[in-house]
Amino acid sequence: MDLKLLFMSTLFGIISCSSAQQEGNECIKANALSCGECIQVGAKCGWCTDTEFLKQGEPTSARCDELESLRKRGCDAGIQDPRGSLKILKNKAVTNRKKGAEKLRPEDITQIQPQKLSLNLRSGEPQNIRLRFKRAEDYPIDLYYLMDLSYSMKDDLENVKNLGTSLMKEMSKITSDFRIGFGSFVEKTVMPYISTTPAKLLNPCTGDQNCTSPFSYKNVLKLTSNGAQFNSLVGKQQISGNLDSPEGGFDAIMQVAVCREHIGWRNVTRLLVFSTDAGFHFAGDGKLGGIVLPNDGKCHLENNMYTMSHYYDYPSIAHLVQKLSENNIQTIFAVTEEFQPVYKELKNLIPKSAVGTLSANSSNVINLIIDAYNSLSSEVILENSKLPEGVSISYQSRCKNGVVNEGENGRKCSNISIGDEVSFNINITAQGFPKQGKPESIKIKPLGFTEEVEIMLNFICECECHKHGIRNSEMCHNGNGTFECGACRCNKGRVGRQCECRKDEVSTEDLDKNCRKDNGTDICSNNGECVCGTCECKKRDNPEERYSGKFCECDNFNCDRSNNKLCGGHGRCECRVCVCDANYTGSACDCSLDTSTCLASNKQICNGRGNCKCGTCICTDPKFQGPTCEICPTCPGVCTEHKECVQCRAFGTGEKKDTCERDCSYFNLIKVKDREKLPQPVQAFPLMHCKERDANDCWFYYTYAVSNTEREVHVVETLECPVAPDIIPIVAGVVTGIVLIGLALLLIWKLLMIIHDRREFAKFEKEKMNAKWDTTDNPIYKSPINKFQNPKYGHKAVPL
């Protein structure tokens with residue numbers, strides 16, 4: 001049963017190892033027929049260009065294998081293994097600028113480094129890029145204030161009229177280059193969003209309220225550094241009105257984002273403050289007004305008015321996210337408490353946006369803007385443009401205080417102050433070769449910033465040896481292919497290692513005859529395919545295993561094994577037969593011819609008591625054991641020889657207790673509970689039973705045996721020591737004995753006295769019976785009794 005389990009576990013180990021190798025070797029599975037195809041499989045794959053590399057029966061695709069496997073198979077100098085590379089094309093250092101220093105143009109300020117790179121990508125091999133980002137001090141800011149001018153915002157407009165100069169004053173603490181603009185919105189100018197009666201088109205408000213005509217979006221003031229001009233123009237604005245509660249703010253946001261020239265956006269920090277006290281319409285709501293065309297995301301401002309609100313539907317949230325991101329605009333939603341939950345959900349969908357609570361009359365708008373800006377600017381989030389097919393990207397951020405983030409969090413760093421520097425490690429990996437086969441480019445930029453990193457991607461699709469290919473080479477069967485990288489790449493319609501056959505004659509019966517060994521029925525021994533009358537052997541998933549031979553009748557993995565190793569690890573398997581290394585023999589190369597391992601300490605082979613066979617002593621005298629037949633576990637003196645070491649290791653006592661670890665580690669010690677658990681002698685491994693006494697007159701029992709090359713000692717874990725007498729019980733016993741003896745003596749004496757008294761009394765009684773006494777009265781005896789009678793006794797009394 002044990003042998004069966006050993007066999008099954010060994011077999012399972014072989015299968016598991018083979019399976020692991022099969023799963024991992026993608027190079028062989030690819031069946032690549034050229035060097036270019038091979039290197040596109042993965043970064044581990046290489047191509048051998050040595051013309052003599054392939055053995056008989058091996059296909060051309062066998063040239064593609066893992067690099068280590070190719071070297072083991074004998075390809076050292078001719079391996080093609082191109083590697084990817086990185087080249088920095090533009091590397092302008094980040095700007096170290098202090099507030100109040102010489103004023104720089106926005107395009108001269110650098111916050112991310114490097115700015116342009118070129119990558120050569122090998123399939124499966126990642127290329128690492130390290131980006132630095134540093135927030136520049138005194139960085140210019142453009143802020144556009146977009147306000148809802150529906151009637152409910154009437155009191156808010158009064159506070160916004162003085163916003164220009166006040167905000168300019170506060171923002172001057174952050175930057176010396178600040179510009180502000182203003183725009184307003186109401187709703188689409190069609191039913192049912194507004195009333196289209198002529199009177200309501202002129203004045204949508206009720207009563208004596210003087211309101212301006214409804215409009216979708218109006219660009220009131222282009223971005224300017226003149227705060228007074230902002231106050232003046234905003235002061236002239238009038239409230240308008242509409243019918244429904246949600247407003248058309250998304251139309252206005254879209255136009256602000258895409259109408260760059262009309263708004264005056266610069267390549268600086270761009271902030272859009274969206275102020276409202278209502279919800280919003282989005283894509284699909286336009287159908288209520290008969291508007292079905294989706295928003296085109298283009299600028300439609302004429303005389304600073306949005307003219308296509310009646311023609312295009314509201315934009316979707318995803319469309320807005322795209323345009324805001326493309327134009328590097330960070331949005332601040334300044335909304336009333338009632339609509340905070342709605343806009344917080346919207347914020348989660350729009351990267352680099354913030355939500356602030358607007359007071360009922362917008363009196364806190366300046367503090368809201370300052371707080372939101374600080375929140376937005378303290379976080380940097382990287383995004384990349386659309387990746388080419390087969391290209392992947394991963395991020396790792398190294399932020400302040402040594403914080404490292406990976407995965408999606410690897411794109412960002414938070415709590416960044418002005419002047420802080422963070423870095424990002426970016427890995428870009430290509431799998432395979434893009435279909436278009438042309439260089440590609442991607443861009444990486446921090447959200448909300450106009451700066452970006454451009455990365456040119458060049459794909460390594462062919463090996464260097466491909467350039468030196470010989471077209472229509474004579475080495476490829478009279479010019480039927482191109483000889484490149486050590487092999488023939490056949491022309492269309494040709495197959496075979498040298499392109500010697502046409503495809504239509506690959507499987508003809510006449511050609512198949514050449515692939516049958518000894519005119520048998522099996523083609524290529526069922527281990528390959530017959531191509532052009534020549535066997536091309538199957539490839540094994542395990543790169544170490546191969547079929548070979550003219551008829552694929554040989555392999556290098558079906559030889560005898562020893563110790564679960566092919567050919568015992570001392571030879572190589574050729575055509576199912578082990579070819580042993582020097583000093584080894586046997587079918588599995590498991591027999592060593594070296595006798596040095598059999599030499600005993602007296603320089604005799606096997607101590608003169610055995611024979612050396614396959615590097616191991618076979619002892620002829622059954623008393624002797626061990627690797628050199630020098631150990632005799634049953635010889636006299638064995639117990640005494642090992643007594644001190646057993647004593648120190650088992651009980652920590654004896655003469656060798658101080659040197660025990662050094663002198664007594666030559667055997668394996670096994671403790672047992674009692675003598676019954678000690679092993680008994682067997683014919684294969686004789687042992688000696690020992691009984692020894694220590695300095696305290698305690699006995700300990702053990703066995704000494706040699707099993708194969710190991711020495712084993714089984715020892716009873718408890719000592720048998722003589723027990724000292726207990727004085728108290730002895731004294732008590734003596735005293736008790738004396739008392740008992742005394743009592744016994746007294747009882748015996750008493751018994752004897754009783755017997756003696758009874759005998760004397762019986763003797764007395766006997767003598768009494770035998771005595772002759774006279775029974776007559778004593779003449780001088782006088783009775784002591786006198787009798788008298790009362791003279792009156794017996795007479796009746798006479799009555800008087």
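1. Let's start with K323, since a lysine here may catch your eye. In this predicted model, K323 is buried, because its relative accessible area is 15% and the cut-off for buried is under 20%. The residue lies in helix α11, which runs over residues 317–326.

2. What is K323 in contact with, once its neighbours within four places in sequence are left aside? The list reads M254, A257, V258 and G297.

3. Now over to helix α17, residues 727–770, where L743 lies. Buried, exposed or partly exposed? L743 counts as partly exposed, because its relative accessibility is 45%, and that class sits between the 20% and 50% cut-offs.

4. L743 also belongs to a nonpolar patch on the surface. Its fellow members are I727, I730, V731, V734, V735, I738, V739, L740 and L746. Together, the patch residues have about 930 Å² of accessible area.

5. On to the strands. There's an open sheet of three strands, ordered β2-β1-β3, and the pairing is antiparallel. Which strands are at the edges? Those are β2 (64–66) and β3 (79–80), each of which pairs on one side only.

6. A closer look at one of the pairings: β1 covers residues 45–48 and pairs with β3 in the antiparallel sense, over two bridges. If you want a residue to check by eye, take W47: its bridge partner in β3 is Q80.

Technical notes:
Residues are numbered from 1 along each chain as its sequence is written. This is a predicted model: local features need pLDDT of at least 70, side-chain atom pairs count only at pLDDT 80 or more; totals for chains, interfaces and linings use all residues. Side-chain values use heavy atoms; hydrogens and water are left out. Two strands pair if DSSP finds at least two bridges between them. Helices (H or I, at least four residues) and strands (E, at least two) are DSSP runs, numbered from the N terminus. Patches are made of residues with over 30% relative accessible area and no salt bridge: like charges are joined within 9 Å, nonpolar side chains (Val, Leu, Ile, Met, Phe, Trp, Tyr) within 5 Å. Accessible areas come from the Shrake-Rupley method with a 1.4 Å probe; for residues, only the protein chains shown count as cover. A salt bridge is a side-chain nitrogen of Lys or Arg within 4 Å of a carboxyl oxygen of Asp or Glu. Buried means under 20% relative accessible area, exposed over 50%, partly exposed in between (1.4 Å probe, protein chains only). Contact means heavy atoms within 4.5 Å.
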